[in-house]
Amino acid sequence: MRQTFTATLAALCIASAAQAQKEDFRPSELNQPGQEYPMVNSEGYARFRVVAPDAQSVVVSLGLGGRGGTTLTKGEDGVWTGTTEGPMDEGFHYYHLTVDGGVFNDPGAQNFYGSVRWESGIEIPAHDREFYALKNVPHGNVQQILFHSPSTGTERVAYVYTPAEYDKNPKKKYPVLYLQHGWGEDETAWSRQGHANLIMDNMIASGECVPFIIVMTYGMTNEVRWGHMHEFDWTAFQRVLMDELVPYVDSHFRTLADRKHRAMAGLSMGGMETRMATLARPQVFGSWGLFSGGTYAPADLEGKEKPLFIFTSCGEKENPDGVKKSIENLKAAGYNAEGYVSEGTAHEFLTWRRSLREMAKKLFR
């Protein structure tokens, strides 16, 4: 009897939450052309619709790695629909469909490389989205470069952002930020999911940061499965980055090719790569940034060439106390360090978009 009452109460709570949703749903901005679903509303709920008349079960798995699920309900017309039980965090989210045990992408949404596969993407509009919005400002260029890696015997890919003024000032040289993606993503993540180029365009146009180049490359030199990062060869990636990519960029772009004008930062695994690389060879990069990718302690830096600037960040739902304590300790030890906590976010791209904006304000000043 108690179980029946509990189940009924839970059902009533879910129904009440559903009734409370505002019916101002509109197509996600990341939908494929002409597709109405998935939809989002002003409160952060997401609604899905999948045509699968022969299916027995359809579940939407949301978040990096497919954490969390929304079970869809089949209508008499064979169409499955459903709405998240609660609002989602603002910003970008990966998701996929599980149909009768098989994993598929949503045919209504664009795909993005994450979780070591192409995932569907949905954007929950953020209240502060103007800083990464596409606006009528001078736009920089994101171009693909191909470079040879003697240490791995492979041809590798990177994307390079140059500011809008780059081609108009043929004699001017620029600082460079090497910006790394997270685990399961690739060199396209920062420009597609992260909108790094739009963030820079808007900040440069408003005078919030100095113009600089951003280089984004694939962070894996040997492929490893999730949970097996101990098998990743950090030193192999460091050779590709610092011995091969940095010299290539300095010889093919107009860079200020010295430590003072060179920075490295990354999100999640890219933050771990940044931490490992900067501690191993602190003479290469003058400014260091970890976005949800760990922290530095004064003891880590003893006996090493002193960084010009350290930036550490995370989402409010991650480890804000750890970031704050690390920065306090670094400042007390005499380092130029700043921390940032993204309000209301977790381990997700809005955290990292905001982190890039905050770090860019202080770089190369």
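The legends below describe close-up views of a predicted model.

**Figure 1. Confidence along the chain of the predicted model.** The mean pLDDT of the chain is 91, and 90% of the residues reach at least 70. Residues 1-18 have a pLDDT below 50, and this stretch makes three contacts in the model beyond near neighbours in sequence. Where pLDDT is low, the predicted coordinates should not be read in detail.

**Figure 2. Strand 8 (residues 91-99) and its pairing partners, strands 4, 9 and 11.** Of the nine residues in strand 8, eight are buried, so the strand is largely enclosed by the rest of the structure. Strand 4 (residues 58-62) is joined to strand 8 by five bridges and runs antiparallel to it; within this pair, V59 is bridged to T98. Five bridges also connect strand 8 with strand 11 (residues 117-124), again in the antiparallel sense, and here H93 is the partner of I122.

**Figure 3. The hairpin of strand 8 and strand 9.** Strand 9 (residues 102-104) pairs with strand 8 in the antiparallel sense through three bridges. V99 has G102 as its bridge partner. Two residues lie between the strands, and D100 in the turn has a positive phi of about 50°.

**Figure 4. A right-handed β-α-β unit built from strand 18, helix 7 and strand 19.** Helix 7 spans residues 320-332. Strand 18 (residues 309-315) and strand 19 (residues 337-342) run parallel and are joined by six bridges. One of the bridged pairs is C314 with V341 of strand 19.

**Figure 5. The largest nonpolar core, with F291 as one of the residues that touch the most other members.** This core holds 36 residues, and L177, L179 and W190 share that description with F291. Helix 8 (residues 349-362) contributes six residues, the most to this core. Leaving out residues up to four places away in sequence, F291 touches L179, W190, A265, G266, L267, S268, F311, S313, W352, S355, L356 and M359. A second core, separate from this one, has 32 residues, among them V240, L245, M264 and L290.

**Figure 6. Salt bridge between E23 and R47.** The structure holds 15 salt bridges. In the E23 and R47 pair, the closest N and O atoms are 3.0 Å apart. E23 sits in the loop between helix 1 (2-20) and strand 1 (26-27), and R47 belongs to strand 3 (residues 46-51), so the pair ties together parts that are 24 residues apart in sequence. E23 counts as exposed because its relative accessibility is 59%, the cut-off being over 50%.

**Figure 7. Salt bridge between R281 and D243.** The N to O distance is 2.7 Å. R281 is in the loop between helix 5 (269-280) and strand 17 (287-291), while D243 is in helix 4 (residues 234-252); the pair therefore ties together parts that are 38 residues apart in sequence. Both residues are partly exposed, R281 with a relative accessible area of 23% and D243 with 40%.

**Figure 8. Salt bridge between E358 and R357, and a network of E90, D128 and R354.** E358 and R357 have their closest N and O atoms 3.0 Å apart. Both E358 and R357 are buried. Salt bridges with shared partners join E90, D128 and R354 into one network. Side chains of opposite charge can pair when their charged atoms come close.

How values were computed. Residues are numbered from 1 along each chain as its sequence is written. This is a predicted model: local features need pLDDT of at least 70, side-chain atom pairs count only at pLDDT 80 or more; totals for chains, interfaces and linings use all residues. Side-chain values use heavy atoms; hydrogens and water are left out. pLDDT is the predictor's confidence in each residue, from 0 to 100. Contact means heavy atoms within 4.5 Å. Two strands pair if DSSP finds at least two bridges between them. Helices (H or I, at least four residues) and strands (E, at least two) are DSSP runs, numbered from the N terminus. A crossover is right-handed if, with the strands pointing away from the viewer, the path from the first strand over the helix to the second runs clockwise. A salt bridge is a side-chain nitrogen of Lys or Arg within 4 Å of a carboxyl oxygen of Asp or Glu. Buried means under 20% relative accessible area, exposed over 50%, partly exposed in between (1.4 Å probe, protein chains only). A nonpolar core is a set of buried Ala, Val, Leu, Ile, Met, Phe, Trp, Tyr and Cys residues joined through side-chain atoms within 4.5 Å.
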